[in-house]
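This report describes selected features of one protein model: a sheet, a helix, an internal cavity and several salt bridges.

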Amino acid sequence: MLKCDVIVIGGGAAGLFCAIQAGKRGRKVVVLEHSETIGKKIRISGGGRCNFTNVYTNPDNFTSSNPHFCKSALARYTPADFISLVEKHGIAYHEKTLGQMFCDGSSQQIIDLLLRECEMAGVEIRCGCQVYDVNRDPQAGSFSVRTNQGTIRSSALVIATGGLSIPTLGATDFGYRIARQFGLRIEEPRPALVPLTLTSQMLKQLAKLSGVSLEALVSCVGWDSRRAPAFRESILITHRGLSGPAILQISTYWKRGTPISINLFPDEDVYEMLRSNQGSGIELANLLSRFLPKRFAHAWCELYAASKPLKQYESAELRDIAQKLDYLQITPAGTEGFRKAEVTAGGVSTTELSSQTMEAKRVPGLYFIGEVVDVTGQLGGYNFQWAWASGYAAGQFV
């Protein structure tokens, strides 16, 4: 039986980063990864260039049953800290949009960075390691993990197995099963940063628009206006429903059965724009085509306001049209599920964990970090920053 100080189950961003921090403190650390290679999700992230952090990270970029939980870890390991590490390893990077930081080269550079740091910290990584069961000896204060590579015993156990998103990369419910085994509460996991599907009737109406992209301001209907998220980015109409950055963002907050609101003219006083053209002979669809993709403008008119020359509309009709353009409400049928979700919302309840250390309050020596915890970042590098920050927090104490 191998004995060590810390076992980390999960060789992704959070698990490796936690292992590095613990190893730097002189702890003997073993990382167990069930896949044949580490960092599969890192490799495909950011279109293969890894959106490794966001310089504008703050707690408002995260959703959780306890929105305050993430503050401590995020304050102690910042985007600037990880960027310094990237620079230390000579990795060229750039800011794309909205504070999103990407490698100039490929995601493999971040994986290599983590592997080199693990090597320098004396961390042992075991790939292709299947965990059969986990047990705790309360008297000895230790854990034993039985695997296909033998049994390993340690005083600290870190669960960094991620969520249910992208099962083709090996995602499982292992982390939730361990949490339940030790009596910890789980906030129901759900797909997040995921495309939304539409009803068959609406898909039929939008069939000719598949592939059309446009910029809009998207929000959830029914939220407290002081807390309501709104995202201004592009929307993509697909053969299954709606996608694109703005839709992926809002999907984390959307509740089944409720509408989303799409403002097609976030920079315009639409009524004023329509009224100022009321004396002209231009048709509504053609006027809207100056601002929106032509196919979309004509289809919108077919659905919501039959197009005719603007001079034929009464002012009240123009107000109604402006209202519909500012607050187009669509009720999605659902989401494309974990198969297409970039992350999993929900997870191990933050009420069960210390925000300082990520340790389970009722199970000394057991830690949960990264996506398996009920902390979910928005699109744009925030989930990587949570992985680094939560891994760093646990790594200082395991």
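## Sheet, cavity, helix and salt bridges

Seven strands form an open sheet with antiparallel pairing, in the order 19-18-15-16-17-14-20. Strand 19 and strand 20 (334–335) stand at the edges; each has a single partner strand, so one side of each is left without a neighbour in the sheet. The model is predicted, and local features are reported where pLDDT is at least 70.

Within this sheet, strand 15 (residues 213–220) and strand 18 (residues 260–263) run antiparallel and are joined by four bridges. Val218 stands opposite Ile262 of strand 18.

**Cavity**

A search of the whole structure for cavities of 30 Å³ or more finds one. The space in this largest cavity is about 150 Å³. Its lining comprises 17 residues, and those closest to the centre are Leu206, Ile237, Phe296, Leu328 and Ile330.

Which elements supply at least two residues each to the lining of the largest cavity? They are helix 7 (200–206), strand 16 (230–237), helix 11 (294–304) and strand 19 (328–330). Helix 11 gives the most, with five residues. Strand 16 and strand 19 both belong to the seven-stranded sheet described above, and strand 19 stands at an edge of that sheet. In character, the lining of the largest cavity has 16 nonpolar residues, one polar residue and no charged residue.

**Helix 13**

Helix 13 covers residues 382–395, 14 residues in total. From its first C-alpha to its last, helix 13 reaches 19 Å, close to the 20 Å expected at 1.5 Å a residue. Is helix 13 largely enclosed or largely open to the outside? Twelve of its 14 residues are buried, so helix 13 is largely enclosed by the rest of the structure. The buried residues of helix 13 include the aromatic side chains of Tyr382, Phe384, Trp386 and Trp388. Gln385 and Ser390 are also buried, as are Ala387, Ala389, Gly391, Ala393, Ala394 and Gly395.

**Salt bridges**

Side chains of opposite charge can pair when their charged atoms come close. The structure holds 16 salt bridges. Three of them are set out below, with the N to O distance and the relative accessible area of each partner.

| Acidic partner | Basic partner | N to O distance |
|---|---|---|
| Asp133, 26% | Arg146, 40% | 2.8 Å |
| Glu272, 34% | Arg275, 38% | 2.8 Å |
| Glu317, 32% | Lys308, 26% | 3.9 Å |

Asp133 forms its salt bridge with Arg146. Asp133 lies in strand 9 (residues 131–137) and Arg146 in strand 10 (residues 142–147), so the pair ties together parts that are 13 residues apart in sequence. Asp133 counts as partly exposed, and Arg146 is partly exposed as well.

The salt bridge of Glu272 with Arg275 lies within one helix. Glu272 and Arg275 are three residues apart in helix 9 (residues 270–276), which means that about one helical turn separates them. Glu272 is partly exposed, and so is Arg275.

In the remaining pair of the table, the side chains of Glu317 and Lys308 meet. Glu317 is partly exposed, and Lys308 also counts as partly exposed.

Apart from these pairs, Lys24, Lys88 and Glu117 are linked in a network of salt bridges.

Technical notes. Residues are numbered from 1 along each chain as its sequence is written. This is a predicted model: local features need pLDDT of at least 70, side-chain atom pairs count only at pLDDT 80 or more; totals for chains, interfaces and linings use all residues. Side-chain values use heavy atoms; hydrogens and water are left out. On a 1 Å grid over the protein atoms alone, a cavity is a set of points where a 1.4 Å probe fits but cannot get out, and a pocket is an open set with protein on both sides within 12 Å along at least five of seven lines; lining residues have an atom within 4 Å of a point. Grid points are joined across faces, edges and corners, and a volume is the space filled by probe spheres set on the points. Ala, Val, Leu, Ile, Met, Phe, Trp, Tyr, Cys and Pro count as nonpolar, Asp, Glu, Lys and Arg as charged, and the others, Gly among them, as polar. The expected span of a helix is 1.5 Å times one less than its number of residues. Buried means under 20% relative accessible area, exposed over 50%, partly exposed in between (1.4 Å probe, protein chains only). Two strands pair if DSSP finds at least two bridges between them. A salt bridge is a side-chain nitrogen of Lys or Arg within 4 Å of a carboxyl oxygen of Asp or Glu.
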